[in-house]
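Here's a friendly walk through a protein model, for anyone seeing it for the first time. Have the picture open as you read.

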Amino acid sequence: MRRLKVGVVGLGEVAQVVHLPILASRPELFEISAVCDVSPTLVATLGDRYRVPGRYGEVSDLLSHDLDAVMVLTSDEYHTDIVTAACRAGRHVFVEKPMCLNLREAEWILDERDDAGVQVMVGYMRRYAPAFLDAVTEVRSWDAINYASLRDIIGQNQLLIDQSTVVLRPDDVPADAIRDRTERAHKLVEEAIGDVPADLGRAYRMLCGLAIHDISAMREILGVPESVRAAAQWRGGGFMSILFDYGDYVASLDVGVDMQKRFDCRIEVGAELKSLTVRYDTPYIRHLPTTLLSAETTGEAHVHTATRPTFKDAYVFELEAFHDVVANGTQPKTDVEDSVRDLELFQQIMSAFRR
């Protein structure tokens with residue numbers, strides 16, 4: 001089995017809690033060959049922890065290292081620049097969602113990927129959970145769907161992270177890097193949706209951050225909706241409800257972030273006699289299972305079952321799939337084209353918010 005030399009760009013929460021531990025736990029698949037971050041403390045500390053030979057503060061220097069693939073785990077304002085640079089350097093890429101913040105960036109990534117002949121896989125880990133895949137298989141076999149409901153109401157991630165693990169949050173990020181991130185975010189969002197009020201700008205970032213998980217999963221289990229029938233946002237863009245039109249039924253999505261220490265995330269799809277619910281827990285506590293709940297009426301009985309396919313979390317399945325993409329040339333299901341469909345739906349949702 002081929003062992004991939006991987007460079008990791010961005011050493012914040014998701015890298016520390018999820019990706020680096022998984023990469024280190026699968027030495028037969030991955031070697032962490034290089035790391036990069038704007039924080040010298042993170043580069044030094046995590047470089048020591050994982051015995052990484054290549055330690056860099058600039059992406060261009062990391063790309064000069066001998067690598068098979070690059071994992072882009074930075075703040076999303078920088079995804080496009082890093083992904084395209086990695087493609088030009090001939091490296092396969094894993095990039096956390098959102099792949100980018102607007103359609104112009106997506107087209108640039110697509111062009112650079114095709115010119116370089118490499119693969120770009122986008123990190124939608126919920127779509128790799130076995131419970132979700134089982135639900136997809138069954139729902140696609142149904143003759144008709146009566147309704148679909150998606151819910152993602154969570155507390156801020158740090159509330160749960162701080163109770164369960166230790167994350168380094170150093171204060172040595174240069175001030176000009178912080179300013180650049182803020183300015184870049186404003187420009188990219190304005191390019192995507194125009195000069196809008198602050199609450200709509202925050203709602204767009206919520207779509208790109210939390211809601212993108214649900215919308216991406218919805219597309220896989222139900223297909224692409226015909227249209228966005230209605231949408232509303234409130235609390236300064238921190239909460240939203242969206243109705244997607246599927247012709248014979250609608251799918252509703254409720255999304256929001258508050259200060260409660262809980263993670264309420266599920267997808268429910270119902271037919272005439274049966275419903276399936278995929279229930280997720282926070283991905284920032286490793287190995288919490290994704291479960292599949294079934295409720296079915298048979299004769300006089302209404303039967304409930306719960307299936308936990310595995311304690312192996314969705315991120316592990318996702319990175320195993322990325323290994324297969326790089327080592328064996330398989331096509332990632334969460335590729336650039338797949339991610340573009342989310343950005344296109346976001347445009348419809350923003351129009352509905354304005355209405």
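Keep in mind that this is a predicted model. Let's start in a loop.

**Odd spots in the backbone**

His287 comes out as partly exposed, with a relative accessibility of 38%. You'll find His287 in the loop between β12 (274–280) and β13 (291–298). What makes His287 worth a look is its phi, which is positive at about 70° although the residue is not a glycine. As background, most residues other than glycine have a negative phi, and most peptide bonds are trans.

Arg235 is another residue of this kind: its phi is near 55°, again positive in a residue other than glycine. Arg235 belongs to the loop between β8 (227–234) and β9 (239–245). Is Arg235 buried or exposed? With a relative accessible area of 71%, Arg235 is exposed.

There's also a peptide bond to point out. Lys97 and Pro98 are joined by a cis peptide bond, with omega at about -10°. Pro98 has its place in the loop between β5 and α5 (103–116).

**Rings that meet**

Now for the aromatic side chains. How many aromatic pairs does the structure hold? The count is 4. A pair of aromatic rings is described by the distance of the centres and the angle of the planes. Here are two of the pairs from this model:

| Pair | Centre to centre | Angle between planes | Type |
|---|---|---|---|
| Phe94 and Phe322 | 5.6 Å | 65° | edge-to-face |
| Tyr204 and Phe346 | 6.1 Å | 85° | edge-to-face |

Take Phe94 and Phe322, which form an edge-to-face pair. Phe94 sits in strand β5 (residues 92–96) and Phe322 in helix α10 (residues 314–328), so this pair ties together parts that are 228 residues apart in sequence. Phe94 counts as buried, at 0% relative accessibility, and Phe322 counts as buried too, at 1%.

Tyr204 and Phe346 make up an edge-to-face pair as well. This pair links distant parts of the chain, with Tyr204 in helix α9 (residues 198–222) and Phe346 in helix α11 (residues 336–354), 142 residues apart. Tyr204 is buried at 0% relative accessibility, and Phe346 is buried at 0% as well.

Rings can also have a charged group over them. The charged end of Lys312 sits over the ring of Phe317, 4.4 Å from the ring centre. Arg127, for its part, lies over the face of Tyr124, at 5.6 Å from the centre of that ring.

**Spaces inside and at the surface**

What about empty space? Searching the whole structure turns up 1 cavity of 30 Å³ or more. The largest cavity has a volume of about 200 Å³. It is lined by 20 residues, and the closest to its centre are Asp281, Leu288, Thr290, Asp313 and Ala314. Helices α6 (130–141) and α10 each supply at least two residues of this lining. By type, the lining of the largest cavity divides into 11 nonpolar, 4 polar and 5 charged residues.

Next comes the second largest pocket, with a volume of about 150 Å³. Its lining is made up of Ala185, His186, Val189, Glu190, Gly194, Asp195, Val196, Gly201 and Arg205. The elements giving two or more residues to this lining are α8 (175–193) and α9. Which element gives the most to the lining of the second largest pocket? That's α8, with 4 residues. The lining of this pocket splits evenly by type, into 3 nonpolar, 3 polar and 3 charged residues.

**The cysteines**

Last stop: how many disulfides does a search of the whole structure find? The result is 0. Why is Cys36 without a bond to another cysteine? The closest cysteine sulfur, in Cys87, is 16 Å from the sulfur of Cys36, which is too far for a bond. Cys36 is buried, with a relative accessible area of 3%.

Cys100 is in no disulfide either, and the nearest cysteine sulfur, that of Cys208, is 8.4 Å away. Cys100 counts as buried, at 1% relative accessibility.

Notes. Residues numbered from 1 in each chain as written. Predicted model: local features only at pLDDT ≥ 70, side-chain atom pairs only at ≥ 80, totals over all residues. Heavy atoms only, no water. Phe/Tyr/Trp six-rings, centres within 6.5 Å; stacked < 30°, edge-to-face > 60°. Buried < 20%, exposed > 50% of the residue type's maximum accessible area, 1.4 Å probe, protein only. Lys NZ or Arg CZ within 6 Å of the ring centre and 35° of its normal. 1 Å grid on protein atoms, 1.4 Å probe; cavity = no way out; pocket = protein on both sides within 12 Å on 5 of 7 lines; lining within 4 Å. Points joined across faces, edges and corners; volume = space filled by probe spheres on them. Nonpolar A, V, L, I, M, F, W, Y, C, P; charged D, E, K, R; others polar. Disulfide = S-S within 2.5 Å.
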